[in-house]
Each structure stands twice: as structure tokens, then as C-alpha cells.
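Here is a short tour of a structure, written with a computational chemist in mind. Take a look at it first, and then we can walk through it together.

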Amino acid sequence: MSETKLQPLAELQQIENADYRPGKIFIATLKRELQLALRRRSDLVNPLIFFLMVATLFPLGVSPEPTILATLAPGVVWVAALLSTLLAMDSMFRSDYEDGSLEQILLSPQPLFVVVLGKVLAHWMMTGLPLTLMAPLIAVMLFLPAEGMSGLMLSLLIGTPTLSLVGAIGAALTVGLRKGGVLISLLVLPLYIPVLIFGTAAVEAAVTSLPLAGHLALLGALLALGIALAPIAIAAALRISVSG
Amino acid sequence: MADPLLQVVDLFCERDDRVLFNNLNFSVFPGEILQVEGQNGSGKTTLLRILSGLSRHFEGEILWRGVSVTEQAERFRRELLYFGHNAGVKAVLTPEENLAWYAALDTDIDLQHIPKALNAVGLKGFEDVPCHMLSAGQNRRVSLARLYLSRAPLWILDEPFTAIDKKGVAAKEALLLEHAARGGTVLLTTHHELDLSRHVRRINLDELSGT
């Protein structure tokens, strides 16, 4: 391999020309994460297969009776979605931690809040969004009445980003540990419970033709709270994990 | 003499009940190359991680241009390039994509210079090859290409020459000298015999460790 002659190095930076555009680093993070995800397709399909498997095995285990399945469907779909999000959570910062990219992100002058938000959004687009899109198929398999579909889709659409945000806090806290998988579940599951309750309630309300705006509004409130606060917690947790 | 860029005052660090260094004081001036020496386990990496701001398990003070690092974390990070044990290269991305990500993280890097930097580290023709197809040394080179791009004055390099061939090491040494000549500063650890001995100041951690 040939080393070519050095080109002259650029001048050392002038400090004054600070040029920060949070939007730019957000887009760059999103682009990178999606690029990474698309080159590791197996990680991408894993949660979806899990989701599909739970829904397929459930009628076999419980009863193929449509009336029984229809009453169980909202809960089953939501629990399956929740667990498959959790399944994908551990990998969120793991590879960045192991190859040293995470150190570089922490040491960059870019606001960590924005980078973290970009990573979570990308993660959601790779787990929560496909789950939401797949949910009607599974709901049909479980004989969920057609009226419930809108509630299911909407509640998952608003609820799963919260799951990703909260899960990322757990992932960030445990990334420095050799085996963080179990610990994440313990840390994060209690925080998932409100989302699960309002999510299934929204579906039930939709099935019985009751207004579901209230449940969705609560899910939306949880999401707003998550977007505002979770990245701060994730950033702090990452600094602690890397420092240890 | 000019003001020191980096000043370390009374640094103390303990790990697993073992004192790695105590009362560590030194200053680094513009244009200096400082090599941290010591046996394996003497705390070289720990020291560099503390100085870069990654590790917070220490007592004492670190001043950058006379002001405490903790008070101006963002400015310090703008002026720092850290090269860690793990090169920070994503295996599924190509060298070009890896460097483009660094350019996004460090706004002072000009995207136009990336092909030139890859050329300078001898990776011309490998721009589009995913990094997992490259050798260990080539992966390190991808990360070392950042040195050609960076405009940060302070370089903290932890074992930068691991897995790099002789010719590559010589080129990097010349690069370090050039960086020092433009007023930059280098802190590094390495087990390679450097050809730069005339230009390098050394700190030995073995003599500093207490009980």
C-alpha cells in the first residue's frame, strides 16, 4: 500500500466561527442509523418475527374460538408489540459502545440531546413503525372486530415511540455492562405499564364504539413528556456508562 | 514562553483500591508532543480518558487555556480530537461513510477533504469497500484519516500505531510533527519506538504510582 506525500494540513480552527445547526446533525444521525440498520437486515426482522410468532401461537395455546380471541386481541397485540420493542432495545447503543463510536459521539461538540433523539427516532422507524403497520394483519388473525382497527393503529402509532424513548434510557444505563439484557427489562417494564394500559384501553374503547380521544390524548401526553425528558436522561446515562 | 494549552493540577486517580497516580502536575504548551509512558496497567489509557473528559473518576483539576474544562466542556470538545483504543469505525459502513459521519459530528471538517485524507492514509481505491472487508490495520487507518481532516489543536491519541505498518508509522510521525509545527499539541501513548525522540517530552506513570 503506498503512502502518498502529505498534503499540507489545514490551519488550526478559529474558535469564533461556531456553526451549530441541530437540524443538520439530527438528519445526519438519522441517515447514518437507517443506513446501518438496512445493512444489518437480520436485526431488522427479528422483532417482527417475534411479534408474528406470539400472535400465531396464541390461538393454538388458548383456543381458536373467535369470541374468546376477539376479547383477548387488544391485550395480546399490545403485549406482543411491547415485548418485541423490548427485545430490540439492547442493541440500541451496544454496537456503538463496542466499536468506540459512542466515545466519539460523547466527545463531539454537537448537542448529545439531538444525536440521541435522532438515534431513538431511527430505532422507532425500524421497530415501532413496522410493528404498527403489521398490527392490523395480526389483529385480523385474532378476530379483532373491524371497528377496533383504527384504535389499534392510532394507539400503537402514538404509544410505540414512547416505548422506544423509555427503553433507550434502560439501554443507555446498561450498555457498559457485559450482559444488560435482563436488567433492561427490569428497569424499563414498570415504566411501560402506563403506555400498555392506555394503549389497550384505546383499542377496547374503539371496539365498543366509545370515544377514544381521551386515551389517545393521554398516550400523546406521555409521548410529549418522553420526547422532552427522555433524551436528557439517555444522554446522562450514556455519559455515566462510558465513564465507568 | 506562551501560555500552556492544557494544565493538569494535582490529579489523583484510584482504581480498585490501587492509586494510579497522585499529585500529578504537568502543563502542555502549543507545539509540544507529550508521550505518556508506563507499563501495562499503569493507567496510561485512564489518564488519557480523564484528560479527554470521558472518565470522571478523578480528583484534581484540568485547565484548558487557563479555564477549567468542566466550565467550558463544549469549547474543549471542539478543540479536541480523541483517538481511543477502539477506533470507532463502523464495520458495515465504507471508509467514506465513516468519515462523513465524523464530519457531521465535527463541523470544522470539510467534506471535500475526505478523499484526500483517505488517499493520504493509503486507502485510495478502498473508499467503497465496507470496513469489515478491510484488514485490522486498514480499519485503524480509516480512523487515523481523521488526523488529516481535523483542525482541532489538541490531539489525544491512545496507541495510534497499533496494527499500522512501519511505513505508515513513519508517515504518522511526520504528521504529528507537522501538527506540532502549526501550533498544535499531541498527547499520546505508544509502545512503538518513536523516531521523534528529540521532539517528544515524556511523562512516566510508573514513577508516579503510589500505594
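Among contacts in chain A between residues at least 6 apart in sequence, what percentage join residues at least 24 apart? The figure is 82%.

## Chain A as a whole

Please keep in mind that this is a predicted model. Chain A has 10 helices and zero strands, so its pattern along the sequence is simply α-α-α-α-α-α-α-α-α-α. Along the principal axes, the C-alpha atoms of chain A fill a box of roughly 75 × 40 × 30 Å. Of the 244 residues in chain A, 45% are buried.

## Helix α6, an enclosed segment

Helix α6 of chain A covers residues 112-126. With 15 residues at 1.5 Å a residue, α6(A) should span 21 Å, and its end C-alpha atoms are indeed 21 Å apart, which agrees.

How much of α6(A) is buried? The count is 12 of the 15 residues, so α6(A) is largely enclosed by the rest of the structure. Among the buried residues of α6(A) are A:Val116, A:Leu117, A:Gly118, A:Lys119 and A:Val120.

## Where α6 meets α8

Two packed helices are described by the angle between their axes and the distance between the axes. For α6(A) and helix α8 (residues 148-174) of chain A, the axes come within 9 Å and cross at roughly 130°. The two helices are therefore oblique to each other, and α6(A) passes α8(A) in a right-handed crossing.

On the α6(A) side, the contact is made by A:Val120, A:His123 and A:Trp124, while α8(A) brings A:Thr160, A:Pro161, A:Ser164, A:Leu165 and A:Ala168. These residues divide into five nonpolar, three polar and no charged.

## Where α6 meets α1

The axes of α1(A) and α6(A) come within 8 Å and cross at roughly 35°. This crossing is right-handed too. Residues of α1(A) in the contact include A:Ile25, A:Phe26, A:Thr29 and A:Glu33, and those of α6(A) include A:Val114, A:Leu117, A:Lys119 and A:Met125. The residues of this contact divide into 13 nonpolar, two polar and two charged.

## The contact with chain B

Helix α1(A) also appears where the two chains meet. The contact takes 33 residues from chain A and 45 residues from chain B. The elements of chain A that give two or more residues to this side are α1 (22-39), α5 (101-107) and α10 (213-243). The residues on the side of chain A that touches chain B divide into 14 nonpolar, 11 polar and eight charged.

Notes. Residues are numbered from 1 along each chain as its sequence is written. Chains are lettered from A and ligands numbered from 1 in the order in which they are written. This is a predicted model: local features need pLDDT of at least 70, side-chain atom pairs count only at pLDDT 80 or more; totals for chains, interfaces and linings use all residues. Axes are lines fitted to C-alpha atoms, for helices over the stretch in contact, and angles run from 0 to 180 degrees between N-to-C directions. Helices (H or I, at least four residues) and strands (E, at least two) are DSSP runs, numbered from the N terminus. Angles under 35 degrees count as roughly parallel, over 145 as roughly antiparallel, 65 to 115 as roughly perpendicular and the rest as oblique. A crossing is left-handed if the near helix is turned anticlockwise from the far one by less than a right angle, and right-handed if clockwise. Two residues are in contact if their C-beta atoms, placed from the backbone, lie within 7 Å. Ala, Val, Leu, Ile, Met, Phe, Trp, Tyr, Cys and Pro count as nonpolar, Asp, Glu, Lys and Arg as charged, and the others, Gly among them, as polar. The expected span of a helix is 1.5 Å times one less than its number of residues. A residue is buried if 20 or more other C-beta atoms lie within 10 Å of its own, exposed if 12 or fewer, and partly exposed in between; C-beta atoms are placed from the backbone.
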